[in-house]
Amino acid sequence: MKKTLTFLLVAIAAIALGQSPTITTWITGSGAKPALAVIDFRGAGSQPYMDKFNATLFGDLNGSSVFDMRPKGMYPLGNPQRPEDLRTEDNNQGFALPDWAGAPVNASHLVFGYTAAQNGVLVLSGWVYDTRQANAQSAQLLAQRYVGTLDEAGAIKVAHEFANDIIQKFGGAGSLLGSRIYFISDRGAGTNNWEIWSVNWDGTDQKPLTRLRSLSIQPAISPDGEKLAFTTYAKGRPRIMMISPETGRELPFLNQEASMNATPSWTPDAQRIFYASTASGTSQIYSAGFDGRGFTRISRREAIEVEPKVNPKNPDVLLFVAGPGNQQIYRMSALGTQVQRVTNGEGEASNPSWHPDGQHFAFSWTRGYTKGDFNIFLADAGNPLDFVQLTHSEGRNENPSWAPDGRHLVFASNRTGVSQIYTMLADGSQVKQLTTQGKNRSPVWGVK
Amino acid sequence: MKSHSLFVSRNSLAVLLLAAIAVTSCGKKAPVIRTPPPVPVAENRTTALPAVPGAPTATLTVEPSSITPGQSATLRWTTTNANDVSLNTGIGTVAASGNRTVNPATTSTYTLTANGPLGSTSATATVTVAAPPPPPVTPSRGGTQSIEQRLQAELHDALYEYDSNNISDDARAILTANANALKIIFREFPNASVNVEGHCDERGSAEYNLGLGDRRASSARDFLVQLGIPADKLKTISYGKERPTCTEADEACYQKNRRAHFSSGQ
C-alpha cells in the first residue's frame, strides 16, 4: 500500500529522469525520512579523538540512507550536551528542542551527547530526542552509554555502535557495524595470481585470508559468516576450496572429478552450496552440501552456465548466467526446471546479486555500452524490465554485492585505471573507495 | 733370377746325385760338389744409387683428397737428406718415407717437415671434408630440450572468435600441425601429458569466461584426439581471462587472448 502511494509521489520525477518508477521508488524509500540534526560532540579528556568521532557518527548515519541529514551550518550556536542542558524555551539559541524543530534547521530529531575519559577508558553518553515533543521526557527516544579504549580507535568504535543503535531505532536494517567484505587482491600473490582478502566495511583492517600463491578467485561468504568458499588453482585445475574466515583454516570439501568446479554460492541456511561444474561436459549448475558431498546436477542444457545465486527468501529459485551468444541472466527452479531469461537480451549481463528482500537484484550489464563496459544495475526480479542504472561508465564496474543492511552495495571498478573495491548506496550515491593498494576485485559483503 | 747358365739343369743335377750315391755306396769319400752362391741380383731401384749429399727434399700426397665425414684418406710421403721427419696435426715424428691413414672430421691440411743437416723443407697436402648433409626436418633434438620448451617452440595457439569455441579453418590448420608435432614429442616423452589451456579476452565477465575457456580447451582437445592424439595425454584447463598474453584494450590483443594454448602437464 505504502509502495503504491510513494509510487504516485515520485512517479513524475522518475519519468522525468527517464527511469522506470517502481524500482526508483524502492531505492529512494518512502520519501518521509526522519530529519536528523547531529550536534558535534565534545570530549572531557578525550577531545583529541572527537574530530574522528564526529566524522564517524555523521558518516554512518548519513550512509545509512535512513535519514535526511540536516546541514550543520544551519545549527544554532547553543548545543546541549546532556538532557540537563535542555530548556523548554531558548529563543532559538539552541538549548530548547523547538530551536531545532523550526526553520532553518527543520530537524525532526536531535542527536547529542559527549565523551569523557574515565578511569582510563573512553565513555560515550548519547541521546536522541524528538524535537517536536513538547515534553522533554517523552521526547527522549534513545539514551545510551558506550565504552571504548581511550584512543582514536576507541572513539571510532563507540561512534559506530551509537550510530548502529540510532539506525535500528528508526527501523533501519542496522548499520554495517561488524560486517566485512571479502575480495581478491594481487598483493603478495605473485604474478597473475590472486589471494583472498577481507576488510571492514569502512575500509579498515585489511588482511589476507589465504597464502596459496595461486590463482584464488570468486570468494563466496556464507550467510552466517562462518565459511568462505572460493575457486582456486592451488591444485592445478580450478577447484572449490572451503575455509573458515575466522582462522583461515581449510575445511573439507569434496570436489567432483571435472576440469572445472567454480563460482560457488550459498543457500540462505548456509547448509548447501550451488556451483558450476564441467563434470558432465560443458559448465552446468550443480548443488552440494557445504562439504561438497551429495552433489547433484541441476541444469541440463547445452549452454555455458555459471554463477548460480539462490534467492535468500525462496531457496527454490535461482538466478544464473548463461551463454554463449551474449551472456544473460536467467532464472530457474532449484530442480532445474522453468528456465527463463531474466535480462532482456541486450548487451551482456552477469554477476546477479540478490537483495536481502529476495525481490530485487543487482547485476552488471553492458547495456548501452560497448562489449566489456559493464555498469551496475538494479532490477525487480518480478518485473526485470524495470531496472535502473547505478554507475555510468566510470571505468568498468562489476560484481555488485549487497550489504546486510540492504541499503549498500560493494562492487569493483577500474575507474582509477586499476581495479579497486568501492561501496555505494543503492541509489548510486555516496561512492567510497575502500582499497588503494595493489589490484582488488570480486567483493562480497559478509555479516562479519 | 732367370739366368739359366748359373744353375745346373735339373737333369744334370739328378745325374750328379746318382753319381754321388754310387760313390758313397762304394765307401769312398767323394768330393762335395758345391753349387756356387747366386750372384746378388742388382735391385731395380733408383734410390739404390748412393745418395748425393744436399738439401732435404719432401713430397706429401693424399688420396683421396676429398672425403665425407667418417671416411678416411691415406697420406704418403717421401723425403731425402733428412734425419728428422715429422707430420703436424698431432702425428709427430715419422719415418723418412711412409704412409698413414687419417680420418679428419673437417677439412684439414697436413704439413710434412723434413729437417736435415743442410736445412729443412716442408710439403703440404689438404684433405677436403665435405659438409654433412642437412638433417631431416625434424623440429629439434630430443633430450636436449625440456618438453615445455618443445611445446612452446613447436606448437601454436589456436585462436577463436569472440564468445565462441568453434574451430575456424585457421585453427584447424594450426591444430593439425600441432597434432603432428605432438606425436613426435610424445614419442620422445612417452610419459608426458600436455595441458590444453582455454583462454578468453578481457571483455566478458570473469565468471562466464571460466566456462567459455573450458569449452575452448575441450574443443581443441577433441580435435587433437580425432587426429590420433591419445585423450589421456591431454588435460583441459580453463584460465578464463586470468592469464592474458597481452593487456591492450584493442582487437589485436583480444584476438591473441582468445586462444587454446599448450603447456606441459608434468
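Reader: How many residues lie between β11(A) and β12(A) in their hairpin, and which turn residue has a positive phi?

Author: Six residues separate β11(A) from β12(A), and A:Gly236 in the turn has a positive phi of about 110°. The model is predicted: local features need pLDDT of at least 70 and side-chain atom pairs count only at pLDDT 80 or more, while totals for chains, interfaces and linings use all residues. Residues are numbered from 1 along each chain as its sequence is written, and chains are lettered from A and ligands numbered from 1 in the order in which they are written.

Reader: How do you know that β11(A) and strand β12 (residues 239-243) of chain A pair?

Author: Two strands pair if DSSP finds at least two bridges between them. Five bridges link β11(A) to β12(A) in the antiparallel sense, so the pairing criterion is met. Within this pair, A:Thr231 stands opposite A:Ile240. Strands themselves are DSSP runs of E with at least two residues, helices are runs of H or I with at least four, and both are numbered from the N terminus.

Reader: What makes β10(A) a partner of β11(A)?

Author: Four bridges join these two antiparallel strands, and A:Ile217 faces A:Thr231 across them. β10(A) and β11(A) also form a hairpin with six residues between them, and A:Gly225 in its turn has a positive phi of about 75°.

Reader: Why is strand β11 (residues 228-232) of chain A called largely enclosed?

Author: A residue is buried if 20 or more other C-beta atoms, placed from the backbone, lie within 10 Å of its own, exposed if 12 or fewer do, and partly exposed in between. Five of the five residues of β11(A) are buried, and the strand is therefore largely enclosed by the rest of the structure. A:Leu228, A:Phe230 and A:Thr232 point one way, whereas A:Ala229 and A:Thr231 point the other way. In a regular strand the side chains alternate between the two faces of the sheet.

Reader: Why does A:Ala270 count as neither buried nor exposed?

Author: A:Ala270 has 15 C-beta neighbours inside 10 Å and therefore counts as partly exposed. A:Ala270 sits in the loop between β14 and β15 (272-277) of chain A, and has a positive phi of about 65° although it is not a glycine.

Reader: What class of exposure does A:Asn326 fall into, and why?

Author: A:Asn326 is partly exposed because 15 other C-beta atoms lie within 10 Å. A:Asn326 belongs to the loop between β19 and β20 of chain A, and its phi is positive, about 60°, although it is not a glycine. A:Pro324 lies in the loop between β19 and β20 (328-333) of chain A, and the peptide bond from A:Gly323 to A:Pro324 is cis, with omega near 0°.

Reader: How are helix α3 (residues 50-63) and helix α6 (residues 152-169) of chain A oriented, and why is that term used?

Author: The two helices pack at an angle of about 25°, with their axes 8 Å apart. That angle makes α3(A) roughly parallel to α6(A), because angles under 35 degrees count as roughly parallel, over 145 as roughly antiparallel, 65 to 115 as roughly perpendicular and the rest as oblique. Axes are lines fitted to C-alpha atoms, for helices over the stretch in contact, and angles run from 0 to 180 degrees between N-to-C directions. The crossing of α3(A) and α6(A) is right-handed, meaning that the near helix is turned clockwise from the far one by less than a right angle, whereas anticlockwise would be left-handed.

Reader: Which residues make the contact between α3(A) and α6(A)?

Author: Among them are A:Phe53 and A:Leu57 of α3(A), and A:Ile156 and A:Phe162 of α6(A). Residues are in contact if their C-beta atoms, placed from the backbone, lie within 7 Å. By class, this contact has eleven nonpolar, two polar and three charged residues. Here Ala, Val, Leu, Ile, Met, Phe, Trp, Tyr, Cys and Pro count as nonpolar, Asp, Glu, Lys and Arg as charged, and the others, Gly among them, as polar.

Reader: What makes up the contact between chain A and chain B?

Author: Chain A gives 30 residues and chain B gives 19 residues. On the side of chain A that touches chain B, the largest share, four residues, comes from β18(A). That side has ten nonpolar, 14 polar and six charged residues.

Conventions:
Contact = placed C-beta atoms within 7 Å.
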